[in-house]
Amino acid sequence: MSQRIIDATVVTPDASTQAPVSTVLGGARVDGRVYLGPADTERAGLVTPAMAQTLADVAAAYLQGGTIEFAFPEAWGDPSESVAMTWVSDRAIAQDLSFRVNGSSDPFATVPVIRSRRLDPLRIYFHTAVLDGLSPDTIYEFEVAGFSDTVKTARVSEPKVSVISDYQQFNFGAGSQLQQIGANVTATEPDILVLNGDFINDDGLFGQVIAQLYLGFLRGVAQNYRTRDGALVPLVALVGNHEGRNDAYGAAGAFYGGDGTIGYTKDVFSFGYMPESPRRFADSAMSARIGNELLIVCLNTDHTVPMAGQLGWFTELLAAEADEVAHVLIVGHVGPFTTYSNNVFRRSSQCRVLRNFFVTVAQQYPNLRLWMEGHSHRLEIKKRLRMNYDPSFTITAPGNDQRWTDDPTGIRYLGSGPWGASRRDLTDQFQTLQSEIDGSTLMEASLYFRDNSHQVLGSIMSPSDNDIWHGWELEFLSGEVRATARGRSGAALYEITDPIPGASP
Ligand SMILES: [Fe+2]
């Protein structure tokens, strides 16, 4: 393509005070997307020689049947009943997908593609179809255009959940942390995989490098996060701060008051991002539910959608469904008591609105077992904290910031990241910050990184084996909830078992 055509499609940024994004990045902005490097011009509706070649390539690939490299499943509302399968192909036109119980002689059921999109600017296409009417705890085989794989539906009793966040690495192959922690996840055999944001640091930008990173990340997840039998596990993907445009790139994320433009996340994932997605309120503000066992509420913690606008949906969802299920789990990239920094802890649009309003609503439900968070890049096990919101303070005032109590009826907050990201310090300020009501501190235990070495607050099970990078395994049992943080080697860094009041263990 010629430079002339690229220049003709560049749209200048809205804010006249900012340098043009294409100048800052040496890239281009097309249809609201900021590309690193020259952008493709197809979206401008121009027929270029490159497009003509693409059409020829697509036609050739179609005749040859195309190549499908891998597929990944998402929970489609209830992962014990339905799964959205996305497959990655070099072909723009997709065939129907066929599936049946694995190893059976049943006739294949066939379902159509509901969504096709290109991982622009790569000549790679994502196609999605929904497998519906499935039985729980069952492995299905599926086939499309000569490609086949298997996927397992969720159990409806005593489900297990893997929660991981903050990968932020560019290595997805053999020996990578994606592979190492994937082996632990496979050993646990979860029913659902919750990816709690900050995947490859795309920051809401587009371009060949970022597209390749996303492809590598998804390929690594599809290859390494399976059952012991090798079946794919349905996932749910939330956004973190690195999935939305931040203010360095001309269009600010939600907490900077910008438009919160979301990046490839919205192209590659469908559950919680497609308007037609079941149980979606807004991008990454959605819930999944496993029968009457587990309700997983996913928040977009102010990265691309303002938090305050999710409060009504959150309140109504819990009021309508919390009593129908045995357990409730809340997940969000930033948590109500996130200790990332003083700024984040006291940010009105984020931690404060979470603590004061979302927690005040959520702690009314005694079957809310856990609240999982990421973002801080260390291991954190917080005490059972109860928020004592005083409405006489305004939302922007600090009056409610330290009104928690350490209380057995409080919510357990666990996290906080890193699957592969850089390890961070737990500053003294957050080790000693006290409640103004009962004098309690926030943390039961933490594993953090200071002066180039690992430090422990409280008690960690395998401090000699630790390196902070970890994933969480959650088991929702009939008598208790068990949570285990497991490091790269497979050693447990922390195990916590909370009995369920009134249940016989
Ligand atoms: Fe992160």
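Leu294, Ile296 and Cys298 point one way from strand β17, while Leu295 and Val297 point the other way, and all of these residues are buried. The model in which they appear is a predicted one, and strand β17, which covers residues 294-298, is mostly covered in it, with 5 of its 5 residues buried.

From this strand the reader can move to its neighbours. Strand β16, made of residues 285-290, pairs with β17 in the antiparallel sense over 5 bridges, and within this pairing arginine 289 has leucine 295 of β17 as its bridge partner. The two strands form a hairpin with 3 residues between them, where glycine 291 takes a positive phi near 50 degrees. Strand β18, residues 327-332, also pairs with β17, but here the sense is parallel, again over 5 bridges; valine 297 has isoleucine 330 in β18 as its bridge partner. To get from β17 to β18 the chain passes through helix α7, residues 311-321, and the β-α-β crossover made in this way is right-handed.

Two other helices can be followed next. Helix α5 runs over residues 208-224, and because each residue should add 1.5 Å, its 17 residues should span 24 Å, which agrees with the 24 Å that separates its end C-alpha atoms. Several residues of α5 are buried, among them Ile210, Tyr214, Leu215, Phe217, Leu218 and Val221, and the buried residues of this helix also include Ala211, Gly220 and Ala222.

Alanine 187, by contrast, lies in helix α4, which is formed by residues 177-188. Is alanine 187 buried or exposed? Alanine 187 has 11 other C-beta atoms within 10 Å, and because a residue counts as exposed when 12 or fewer such atoms lie within that distance, alanine 187 is exposed. The C-alpha atom of alanine 187 is separated by 6.4 Å from that of arginine 228, although the two residues are 41 residues apart along the chain.

It remains to ask how confident the predictor is in these coordinates. The mean pLDDT of the protein chain is 87, and 83% of its residues reach 70 or more. There are stretches, however, that call for caution: over residues 41-45 pLDDT stays under 50, and the model has 11 contacts beyond four places in sequence for them, while over residues 254-258 pLDDT likewise stays under 50, with 17 contacts beyond four places in sequence in the model. Where pLDDT is low, the predicted coordinates should not be read in detail.

Notes: Residues numbered from 1 in each chain as written. Predicted model: local features only at pLDDT ≥ 70, side-chain atom pairs only at ≥ 80, totals over all residues. Buried ≥ 20, exposed ≤ 12 C-beta atoms within 10 Å, placed from the backbone. Helix = DSSP H or I, 4+ residues; strand = E, 2+ residues; numbered from the N terminus. Pairing = 2+ DSSP bridges. Right-handed = clockwise from strand over helix to strand, strands pointing away. Expected span 1.5 Å × (residues − 1). pLDDT = per-residue confidence, 0-100. Contact = placed C-beta atoms within 7 Å.
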